[in-house]
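Trainee: Could you take me on a close look at one part of this model, and then show me how other parts of the chain pack together? I am new to this, so please go step by step.

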Amino acid sequence: MNRWTKLSIEYANQRSYLDDLFRVYPTIPEGIRDIDKDAWGNIKLSFYNKDNMNLIKNLLKLDLFPIKDSYIAYLRKDKSAIERNPETIDRLSGRLYDMGLDEVYKKCSEPKETNRQIGPMFKDWIDKGSLGKKPVEIDEFINTSGNAILSGNDKEMGDFAKDYCGYEYAGNSDKGLDFIGRFNNKYIIGEAKFLTDFGGHQNAQFNDALNVLNSKTNENVVKTAILDGVLYIPKNAKMHKTTLEKNDNIMSALVLNEFLYSV
């Protein structure tokens, strides 16, 4: 097992891991979603008139559809399917009428799921100087040679990794990097994830980070997967077992500072 993985597991199971992690990922739920008054007026009119076609059309204009159904995504992507599939529209509309208009509004205005908000939090934490260095813009990063952390958008980070680190992502499509630094004359690149559960989308997030570790780079590049969450729980879960078996730089954000100055 990698030394930093071992340290991360010990931290997660022996110290105030979640309390400390909240500084990195302060997952505070957002308020309810705003719904445009005119849009809601059209929805109300369709609802009261039992105008099924227009009810579905108007609801599909909102960010959040009020019911979970496997056919909603298809209707969003192909609006012409609404007219061609009246029975599906009637079925969905029946569920909406059964809910009642107040419940429909409540569902449409629910806050975003917390795990969809945490993406930028790692970079926000770094921007505060939590790693002992304030990130610098790409021109300064390129034209200096000391320890530094790169500040940039996804494209800038990706272009730098390709041009200066020989980075070729091991997955099927390009993925942005959450961290690029230079410490002790080595480049450190990494993907940061907060894994909140096992299975499904979270497994995909885990695999994205592992693909960074498997990516092609130049010899002076150190690859990391900066992972936090359930992977450190000692259960017989595939994610945890994979973490134990690998000897790559898988670590918590809470030990990243020590890692950077030790490379």
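Mentor: Let's start with a polar contact: a polar atom of the side chain of S8 lies 2.8 Å from the backbone oxygen of W4. Keep in mind throughout that this is a predicted model. S8 belongs to helix α1, which covers residues 3–14. Is S8 buried or exposed? Its relative accessibility is 0%, so S8 counts as buried, since buried means under 20%. Now look for what surrounds S8. Leaving aside its neighbours within four places in sequence, S8 is in contact with Y232, I250, M251, S252 and V255.

One of those residues, M251, leads us to a second spot. M251 is also among the contacts of T224, once neighbours within four places in sequence are set aside. The others in that list for T224 are I188, I189, G190, E191, V212, L213, N249 and F259. T224 sits in strand β4, and with a relative accessibility of 0% T224 counts as buried too.

Just before that strand comes a loop. It runs between α12 (200–213) and β4 (221–229), and N214 lies in it. Here the surroundings change: N214 is partly exposed, because its relative accessible area is 47%, and partly exposed covers values between 20% and 50%. Setting aside neighbours within four places in sequence, N214 is in contact with A170, K223 and K246. It is also worth comparing chain and space here. N214 and T196 are 18 residues apart in sequence, and their C-alpha atoms are 23 Å apart.

For another such pair, go to I126 in helix α9, residues 121–127. I126 and A253 are 127 residues apart along the chain, yet their C-alpha atoms are separated by 9.9 Å. With a relative accessible area of 4%, I126 is buried. Beyond its neighbours within four places in sequence, I126 is in contact with L131, K133, P135, I149 and F179.

Next, the helices. Two packed helices are described by the angle between their axes and the distance between the axes. Try that on α12, the helix before the loop of N214. α12 packs with helix α13 (residues 238–245) at an angle of about 15°, and their axes are 11 Å apart. The two are therefore roughly parallel to each other, as angles under 35 degrees count that way. The crossing of α12 with α13 is left-handed. On the α12 side, Q202, N203, F206 and L210 make the contact, and on the α13 side M239, T242 and T243 do. Sorted by class, the residues of this contact are three nonpolar, four polar and no charged.

Now turn to α4 (residues 52–60) and α7 (residues 86–99). Their axes are 9 Å apart, and the helices pack at an angle of about 75°. That makes α4 roughly perpendicular to α7, a label for angles of 65 to 115 degrees. From α4, the residues N52, M53, L55, I56 and L59 meet P86, I89, D90, L92, S93, L96 and Y97 of α7. This contact has nine nonpolar, two polar and one charged residues.

A third pair is α3 (residues 37–48) with α8 (residues 101–108). The angle between these helices is about 145°, with axes 11 Å apart, and their crossing is right-handed. W40, K44, F47 and Y48 of α3 are in contact with L101, V104 and Y105 of α8. By class, that gives six nonpolar, no polar and one charged.

Finally, two details of the backbone. Follow the chain from α3 towards α4 and you reach K50, in the loop between those helices. K50 is not a glycine, but its phi is positive, at about 55°. N184 is also not a glycine and has a positive phi, of about 50°. Where is N184 found? It lies in the loop between β2 (179–183) and β3 (186–195). N184 has a relative accessibility of 39%, so it counts as partly exposed.

Definitions and conventions:
Residues numbered from 1 in each chain as written. Predicted model: local features only at pLDDT ≥ 70, side-chain atom pairs only at ≥ 80, totals over all residues. Heavy atoms only, no water. Axes fitted to C-alpha atoms, helices over the stretch in contact; angles between N-to-C directions. Helix = DSSP H or I, 4+ residues; strand = E, 2+ residues; numbered from the N terminus. Left-handed = near helix turned anticlockwise from the far one by under 90°. Contact = heavy atoms within 4.5 Å. Nonpolar A, V, L, I, M, F, W, Y, C, P; charged D, E, K, R; others polar. Buried < 20%, exposed > 50% of the residue type's maximum accessible area, 1.4 Å probe, protein only. Parallel < 35°, antiparallel > 145°, perpendicular 65-115°, else oblique. Polar contact = N/O pair within 3.5 Å; in protein donor to acceptor, adjacent residues only side chain to side chain.
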